[in-house]
Amino acid sequence: MVKISPSLLSADFSNLSFEIDRIKSHADFIHFDVMDGHFVPNLTFGPMIIQSVRKNTNLPFDVHLMITNPDQYLKTFADSGADILTVHAETCQTLYRTLHSIRSLGKKAGLALNPATPLAFAENVLDVIDLLLIMTVDPGFGSQPFIQKTLPKIKKAKELIKTADHAIELEVDGGIHPETAAWVREAGATVLVAGSAVFSSSDEPRTAIKKLRGDKP
């Protein structure tokens with residue numbers, strides 16, 4: 001069954017504890033979009049926010065570092081309560097070393113690729129990643145439309161992952177709602193990141209998450 005990682009980027013920042021309580025019985029991960037206003041044109045939250053809500057749930061914290069120089073902050077985010085730390089290939093000059101550093105901190109290592117970034121960046125680091133994140137929008141803002149030309153990339157990523165000698169989650173983030181969720185599930189995704197489709201839906205989170213999984217509400 002596909003896993004759902006609701007993105008707190010679309011939640012009510014003034015009451016994150018309440019928002020987490022709404023989803024924690026239905027979601028598989030909780031996704032934190034960490035933006036620095038440099039790599040992407042937006043600012044969100046940092047490690048103190050993650051640490052402050054860690055007590056609200058035992059769900060894995062799926063922390064997506066959309067920041068330059070992520071190596072400087074890996075230990076800080078690891079100590080804040082992250083379980084998965086995902087970095088962008090576009091920001092890492094020594095990608096293998098960065099991913100190995102995440103694992104050495106006792107965390108799962110994720111690699112993110114922007115829509116225009118070739119899948120080839122993942123080929124030589126399969127042995128040190130636990131999650132491959134295919135972006136289906138350019139990162140920086142929520143509620144963007146899904147880029148359909150990324151679907152073949154997701155399918156190729158699924159085939160690439162099959163060559164690894166260990167389990168790797170294939171995560172997709174960007175423009176995910178019930179219709180696009182069906183497309184990426186069919187393409188082979190195992191984790192779907194969704195923000196507004198969960199937190200801004202007219203449905204209760206339980207129902208919204210079921211729809212993203214393709215289950216009957």
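**View 1. Strand β8 and the neighbours with which it pairs.** In this close-up of β8, Val191 and Val193 point one way from the strand while Leu192 and Ala194 point the other way, and all of these residues are buried. The model shown here, as in every view that follows, is a predicted one. Strand β8 pairs with β1 in the parallel sense, and this pairing extends over 4 bridges; one residue to look for is Pro6, whose bridge partner in β8 is Ala194. Strand β7, made of residues 169-173, also pairs with β8 in the parallel sense, over 3 bridges, and here Val172 stands opposite Leu192 of β8.

**View 2. Strand β4 and its pairing with β3.** Strand β4 covers residues 84-88, and because 5 of its 5 residues are buried, the strand is largely enclosed by the rest of the structure. The covering can be followed on both faces, since Ile84, Thr86 and His88 on one side and Leu85 and Val87 on the other are all buried. Strand β3, residues 61-66, runs parallel to β4 and is joined to it by 4 bridges; within this pairing, Leu65 has Val87 of β4 as its bridge partner.

**View 3. The aromatic cluster of four phenylalanines.** The structure holds 4 aromatic pairs, two of which are described in this legend. Phe13 and Phe45 form a tilted pair, with 5.3 Å from centre to centre and 40° between the planes. This pair links distant parts of the chain, as Phe13 belongs to the loop between β1 (3-6) and α1 (16-23) and Phe45 to the loop between β2 and α2 (47-53), 32 residues apart. Phe13 is partly exposed, with a relative accessible area of 43%, whereas Phe45 is buried, with a relative accessible area of 6%. Phe45 also forms a pair with Phe32, and this one is edge-to-face, with 5.8 Å from centre to centre and 75° between the planes. Phe32 lies in strand β2 and Phe45 in the loop between β2 and α2, so the pair ties together parts that are 13 residues apart in sequence. Phe32 is buried, with a relative accessible area of 0%. Together, Phe13, Phe32, Phe45 and Phe61 form one aromatic cluster.

**View 4. A charged side chain over the ring of Phe61.** Phe61, a member of the aromatic cluster, has the charged end of Arg54 sitting over its ring, 3.6 Å from the ring centre.

**View 5. The largest pocket and its lining.** About 290 Å³ of space lies in the largest pocket. Of the 24 residues that line this pocket, the closest to its centre are Gly142, Ser143, Asp173, Gly174 and Gly175. The elements that give two or more residues to the lining are β2 (30-35), β8 (191-194) and α8 (196-199). When the lining residues are divided by class, 11 are nonpolar, 11 are polar and 2 are charged.

**View 6. The second largest pocket and its lining.** About 160 Å³ of space lies in the second largest pocket. The residues that line this pocket are Lys3, Phe29, Pro60, Asp83, Ile84, Lys108, Asp130, Leu131, Ala167, Ile168 and Glu169. By class, this lining has 6 nonpolar and 5 charged residues, with no polar ones. Ile84, one of the lining residues, is also among the buried residues of β4.

How values were computed:
Residues are numbered from 1 along each chain as its sequence is written. This is a predicted model: local features need pLDDT of at least 70, side-chain atom pairs count only at pLDDT 80 or more; totals for chains, interfaces and linings use all residues. Side-chain values use heavy atoms; hydrogens and water are left out. On a 1 Å grid over the protein atoms alone, a cavity is a set of points where a 1.4 Å probe fits but cannot get out, and a pocket is an open set with protein on both sides within 12 Å along at least five of seven lines; lining residues have an atom within 4 Å of a point. Grid points are joined across faces, edges and corners, and a volume is the space filled by probe spheres set on the points. Ala, Val, Leu, Ile, Met, Phe, Trp, Tyr, Cys and Pro count as nonpolar, Asp, Glu, Lys and Arg as charged, and the others, Gly among them, as polar. Rings of Phe, Tyr and Trp (its six-membered ring) pair if their centres lie within 6.5 Å; planes under 30 degrees apart count as stacked, over 60 as edge-to-face and the rest as tilted. Buried means under 20% relative accessible area, exposed over 50%, partly exposed in between (1.4 Å probe, protein chains only). A charge sits over a ring if NZ of Lys or CZ of Arg is within 6 Å of the ring centre and within 35 degrees of the ring normal. Two strands pair if DSSP finds at least two bridges between them.
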